[in-house]
Amino acid sequence: MTVLEAPRIVGQPRSQTAAVGQRVVLSVVPAGTGPFTFQWRKNGNNIPGANAAQLVFESVEIENSGQYSVVVA
């Protein structure tokens, strides 16, 4: 018998404030039966290509400000 556990988030992304030019990493830690898929969103809209457990900004700009969330499946 195989028992699958639904994905859940055990490590939430934390709110951050950064200065222009700083490196910022948003991350999520899932648990359950993988493999997992990730979709990061900004202000409720999917971010194309943002499909990993981490969302990395090497050098943030003003236009990166917003509300970020992630969907884990």
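**Notebook: strand E7 and its surroundings**

I looked up tryptophan 40 and found that its bridge partner in E7 is valine 70. The model I am working from is predicted.

I then examined the pairing around this bridge. Strand E4 (residues 38-42) pairs with E7 in the antiparallel sense, over five bridges. I placed both strands in an open sheet of three strands, with order E5-E4-E7 and antiparallel pairing. I noted strand E5 (45-46) and strand E7 (68-72) as the edge strands, each pairing on one side only.

Next I checked the largest nonpolar core. I recorded 11 residues in this core, with Trp40 and Val70 both among them. Its members also include Val24, Leu26, Phe38, Phe57 and Val72. Two or more residues come from each of E2, E4, strand E6 (54-57) and E7.

I looked up phenylalanine 57 separately. Leaving aside neighbours within four places in sequence, I found phenylalanine 57 in contact with Gln22, Arg23, Val24, Leu26, Asn64 and Tyr68.

I turned last to the largest pocket, for which I noted a volume of about 510 Å³. Its lining has 24 residues, and those closest to the pocket centre are Gln16, Asn64, Ser65, Gly66 and Tyr68. I entered the lining as 13 nonpolar, nine polar and two charged residues. Strand E2 (24-27) and E7 each supply at least two residues of this lining. The largest share, three residues, comes from E7.

For the record, I list E7 under three headings: edge strand of the sheet, contributor to the largest nonpolar core, and source of the largest share of the pocket lining.

Key
Residues are numbered from 1 along each chain as its sequence is written. This is a predicted model: local features need pLDDT of at least 70, side-chain atom pairs count only at pLDDT 80 or more; totals for chains, interfaces and linings use all residues. Side-chain values use heavy atoms; hydrogens and water are left out. Two strands pair if DSSP finds at least two bridges between them. Helices (H or I, at least four residues) and strands (E, at least two) are DSSP runs, numbered from the N terminus. On a 1 Å grid over the protein atoms alone, a cavity is a set of points where a 1.4 Å probe fits but cannot get out, and a pocket is an open set with protein on both sides within 12 Å along at least five of seven lines; lining residues have an atom within 4 Å of a point. Grid points are joined across faces, edges and corners, and a volume is the space filled by probe spheres set on the points. Ala, Val, Leu, Ile, Met, Phe, Trp, Tyr, Cys and Pro count as nonpolar, Asp, Glu, Lys and Arg as charged, and the others, Gly among them, as polar. A nonpolar core is a set of buried Ala, Val, Leu, Ile, Met, Phe, Trp, Tyr and Cys residues joined through side-chain atoms within 4.5 Å. Buried means under 20% relative accessible area, exposed over 50%, partly exposed in between (1.4 Å probe, protein chains only). Contact means heavy atoms within 4.5 Å.
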